[in-house]
Amino acid sequence: MLISVLPLSWVGWITYHKYSQNLFEKLEYHANYILNQKMKALNTFLFDLERMQSGMKTSSVFSQFLGNEDPSLHPQLYLKLDLLMESIQTIRPETVGITIISNNGFVYNYGYSLNMNFTKDNFYKLSWLQEIEENNLDPIITNLHTREYSNLEKDQKVYSYVQKVWDRKLRSYGYIVIDFKPELLKHILNNELDSPNVSGTIIYNKQRFVISPDPSSNLSFNLVKSQKTGSTIHTKDDINYLLFKQYNPKIKWYVAEYFVADDFYKPVDQVRLIAWTITIFSAIVCLFAAMVISRRISQPIEDLQRVMTNVKNGNLNKKFIVHSKDEIGELGKGFNEMLVQINKLINSVAKEEKLKKAAEITALQLQINPHFLYNTLESINSLARMKKEYEISHLIVLLGRLLRLSISSFEEKIPINQEIMYIESYLEIQKVRMRDPLDYSILLDVHMRDCLTVKWILQPIVENAIIHGIDPLRTTGKLTIEGKLEDNSIIFTIKDNGKGMIPEQLEQIRDHLKNKYEDLSKYKKKIGLYNVQTRILSHYGKNYGISIDSKVNKGTTVTIKIPKEVCDDNEKNVNR
């Protein structure tokens, strides 16, 4: 009875669990479908608002308004802007007002009556206008607020789409504020989809609800914010809710749907009762049938076991003879198919080994071309010495040394000492090439020279320092390369006295090094900083890589961090 009841009880529990899981997955799919539709509607609305502000920014009248400092010219521009806004508002006629605030002190309004006592300084004191400064040039949608700047209906609550904009000459700036009623947002997020058990929609940001849940649900902001999508929320009223939500990165809002969990799981309780009834009945049947069917089950299993033993001993051609169409027969068919696949894989591996050998031979043959170039340089060097062109001969020797170092190893990682030899040859060539003097120094910790590094991580950095930093100044260039050990890491510092970078350019490079290095090196073929960053992160992970600092006319400092890595006696890489 135990042998019968326990497995069947387990099956009943699994059935109950799987059914509950299946219902939850269907609800999750349905909720995500609803959320996707609402996100599409919200993104369409945001796109329309972006089109409106884009239409304004591209207008010459708008640019004149931002740059205007003459009060007498303001009324003329005001009328011209009215014509522009008539065409712009057709994109979203539901908006209830458009305001433009110029940093020169002028305020333009459209679609409502402006409170003439509300100046530019009053606008700047508004918390949501201050928030746009924190977002830099990114637009925001404010929380629900009143319109103190309106002459009429000051208590009317609206949302505002706000963005900081500049004129065409980038000398003056201002703010575009597009107001719309909360009913418009609710209408956009409303849908006619069949959504049983849906209790409501919530929208919230990091600070508060944008659209609150039904008050009777007792769902607090902290409770909703702390839950992940698909989780169950337990309220003080002992009512459980299932919560699903999605995040909109454009406006940093979460849109959520919540469901009454108790109503949702009622069908599962019925399934549990049915499962227990079937389990008890099946246990009784199994008790009487066990003696009859046990032999029919055990015999084919023993046959299959013997075949498996033969396969274990290396006889892969032995097959299981199928006599029945039951589970054991299906298992035997699957076992036979597995043997066929194993034989195919063995043959495939053999073919791949042959192809690998052929590829290795091809790679060895391709090494002939670099050696041919090196030998050609040696011939040119001999001719230069014969002609007494010693400077050209010296350059050819350095170039030949670079070429020899580049073909001396096809390993991705090389000793740091070899990387330094490569850099020294490259710098000597640059000293001859440059019109102005170039002073450089290389200071390395003695204990790190035999450590390993990814090949060619210093040369692109040094090349950038010379070409983009030192060359444009037309003066004596100074370049310092330092290497030191810190705990289990190696730190390279490349510092120049070049022209440096402006803060905006520096921040852009830092952002690319953090987020876009792989795309820039792979698709846009950036072979400098981003190529080096990609290779370092590919080998060592995100705890290592490049950092950069720069000041205008004071030079640039690039820091490279890699782990300490040495070679054992068998020339295999080992971390210490």
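Of the 576 residues of the protein chain, 39% count as buried, where buried means under 20% relative accessible area, exposed over 50% and partly exposed in between, with a 1.4 Å probe and protein chains only. The model is predicted, so that local features need pLDDT of at least 70 and side-chain atom pairs count only at pLDDT 80 or more, whereas totals for chains, interfaces and linings use all residues. Residues are numbered from 1 along each chain as its sequence is written, and side-chain values use heavy atoms, with hydrogens and water left out.

The chain contains 16 helices and 20 strands; helices (H or I, at least four residues) and strands (E, at least two) are DSSP runs numbered from the N terminus. The exposed surface amounts to about 34500 Å², of which carbon and sulfur atoms supply 54%; accessible areas come from the Shrake-Rupley method with a 1.4 Å probe, and for residues only the protein chains shown count as cover. Among contacts (heavy atoms within 4.5 Å) with a separation of 6 or more, 61% join residues 24 or more positions apart.

The largest nonpolar core has 44 residues, of which Leu42, Met56, Ile141, Ile178, Phe180, Leu185 and Trp253 touch the most other members. A nonpolar core is here a set of buried Ala, Val, Leu, Ile, Met, Phe, Trp, Tyr and Cys residues joined through side-chain atoms within 4.5 Å. Helix H1 (residues 2–57) gives the most to this core, namely ten residues. Beyond its neighbours within four places in sequence, Ile141 is in contact with Leu46, Tyr159, Ser160, Tyr161, Phe180, Ile251 and Trp253. Apart from the largest core lies another, of 42 residues, including Cys451, Leu506, Tyr540 and Val558.

Two individual positions were also examined. Ile88 belongs to helix H3 (residues 74–88) and counts as buried because its relative accessibility is 7%. Neighbours within four places in sequence aside, Ile88 is in contact with Met52, Gly55 and Met56. Ile88 and Met56 are 32 residues apart in sequence, with a C-alpha to C-alpha distance of 7.5 Å. Ser172 is placed in the loop between strand S5 (157–166) and strand S6 (173–180); with a relative accessibility of 7%, Ser172 therefore counts as buried. Its contacts, again without neighbours within four places in sequence, are Leu66, Gly67, Asn103, Asn104, Val165, Trp166 and Asp167.

Pockets were located on a 1 Å grid over the protein atoms alone, a pocket being an open set of points where a 1.4 Å probe fits, with protein on both sides within 12 Å along at least five of seven lines; lining residues have an atom within 4 Å of a point. Grid points are joined across faces, edges and corners, and a volume is the space filled by probe spheres set on the points.

The largest pocket has a volume of about 620 Å³. It is lined by 23 residues, with Asn464, Ala465, His468, Ile509 and Leu529 closest to its centre. Two or more lining residues come from each of helix H14 (459–470), strand S16 (489–496), helix H15 (503–522), helix H16 (529–540) and strand S18 (555–563), and H14 supplies the largest share, eight residues. By class, this lining has eleven nonpolar, eight polar and four charged residues; Ala, Val, Leu, Ile, Met, Phe, Trp, Tyr, Cys and Pro count as nonpolar, Asp, Glu, Lys and Arg as charged, and the others, Gly among them, as polar.

The second largest pocket holds about 300 Å³. Of its 16 lining residues, Arg296, Pro300, Ser324, Asp326 and Ile328 lie nearest the centre. Helix H9 (266–312) and helix H10 (327–366) are the elements that give two or more residues to this lining, and H9 gives the largest share, seven residues.
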